[in-house]
Amino acid sequence: MICRGLRMQAGFPNIASESFEVSAGFRTPWRCGTTGEPMKPCNGRFSVIPTRVARLGFVFLVGMCLLARPVGAAAKEPVVVTPAASFSHGAPPPADAVILFDGTSLAKWIGPEGKPAGWKVENGYMEVVGGAGGITTREEFGDIQLHLEWASPSVVAGKDQGRGNSGVYFQGRYEIQVLDSFENPTYPDGQAGAFYGHAAPLVNAARKPGEWQSYDIIFHAPRRGADGKVVPGSFTVIHNGLVVQDHVPIPGGATTAAPASGVVEKGPIHLQDHGNPVRYRNIWLRRLS
Ligand code: MG
């Protein structure tokens, strides 16, 4: 039997699984377009895609599917969970904390190329000055527990990744995204609380624009084993009281726009200038190693 024309059966989530099914022994969803019968060998060979035009169409369709797939599309859109009015907001630093910002001074921070940190400090917070560049701690750290609070601008401007974007880079390499994710669609692994480009937050715990939000983050740095291979680190992130990253592995590659790269024992905390006037306050950490 020679089949001309194919039709796809319903219930298959994507073209990739179908092509796998086809190659794995003809437990195939493809059926003859004229008779509806399952595909069979045709003229001594399996005629899954019998004509040149059909083959070209198949390749085109797969290509379009891949091109249309945005970054992070494998992750689901996080469900919105409204957080409680406060969680660790205003949490005083414990006795063994390293205080990075107490609301009065950027003395613990430097700007690009060792210049003074150029962000605004007023009313107990610091604010990104677009174009001044990110700021980086003078001190370097390995494994840490970090607390910080941030607020996206109360006046909404821009959309998607252009709305209230900043970020916290651990060791200057691995970013936990800061973004105004309140009713602001974007790709899942670019939302607030995402390990940028790697892991979407488990839920969308964003508060409204201008409201203070808390991050409590446990970071274990990737490191090199005795054989020279990278042993992944991990992120656990609590956003406004909700776990959004649960011991997620950090493979070791620096995330987008990171000011540093390479696996190291210690590195600084870096806060990103993405051009939006995001505010930070009450930043402290505890060393875990
Ligand atoms: Mg960012």
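## A strand-rich chain at a glance

Welcome! Strand β18 pairs with strand β19 (residues 242-250) through six bridges, and the two run in the antiparallel sense. Everything here describes a predicted model. The chain as a whole holds two helices and 21 strands, so-called secondary structure that the points below explore piece by piece.

**The hairpin of β18 and β19**

- Two residues lie between the strands of this hairpin, and Asn-240 takes a positive phi near 50° there.
- Val-237 has Gln-245 of β19 as its bridge partner.
- Strand β18 covers residues 233-239, and because five of its seven residues are buried, the rest of the structure largely encloses it.

**From β18 to β15 and on to β11**

- Strand β18 also pairs with β15: six bridges join them, and they run antiparallel.
- Along this pairing, Ile-217 stands opposite Val-237 in β18, and Val-237 is also the residue whose bridge partner in β19 is Gln-245.
- Strand β15 (residues 213-220) in turn pairs with β11 in the antiparallel sense, over seven bridges.
- In that pairing, Glu-149 stands opposite Ser-214 in β15.

**Strand β11 and its other partner**

- Strand β11 spans residues 144-151 and is mostly covered, with seven of its eight residues buried.
- Besides β15, strand β11 pairs with β21 (residues 279-287), again antiparallel and over seven bridges.
- Here Gln-145 stands opposite Arg-286 in β21.
- As general background, strands of a sheet pair through backbone hydrogen bonds, in either a parallel or an antiparallel way.
- It is also useful to know that side chains in a regular strand alternate between the two faces of the sheet.

**A five-stranded open sheet**

- Five strands make up an open sheet with antiparallel pairing, in the order β7-β10-β20-β12-β13.
- Its edge strands are β7 (109-110) and β13 (174-178), each of which pairs on one side only.
- Inside that order, strand β12 (residues 166-170) and strand β20 (residues 270-271) run antiparallel and are joined by two bridges.
- Tyr-169 has His-270 as its bridge partner in β20.

**The chain as a whole**

- The chain has 289 residues, and 34% of them count as buried.
- Among contacts in the chain with a separation of 6 or more, 65% are between residues 24 or more positions apart.

Terms used. Residues are numbered from 1 along each chain as its sequence is written. This is a predicted model: local features need pLDDT of at least 70, side-chain atom pairs count only at pLDDT 80 or more; totals for chains, interfaces and linings use all residues. A residue is buried if 20 or more other C-beta atoms lie within 10 Å of its own, exposed if 12 or fewer, and partly exposed in between; C-beta atoms are placed from the backbone. Helices (H or I, at least four residues) and strands (E, at least two) are DSSP runs, numbered from the N terminus. Two strands pair if DSSP finds at least two bridges between them. Two residues are in contact if their C-beta atoms, placed from the backbone, lie within 7 Å.
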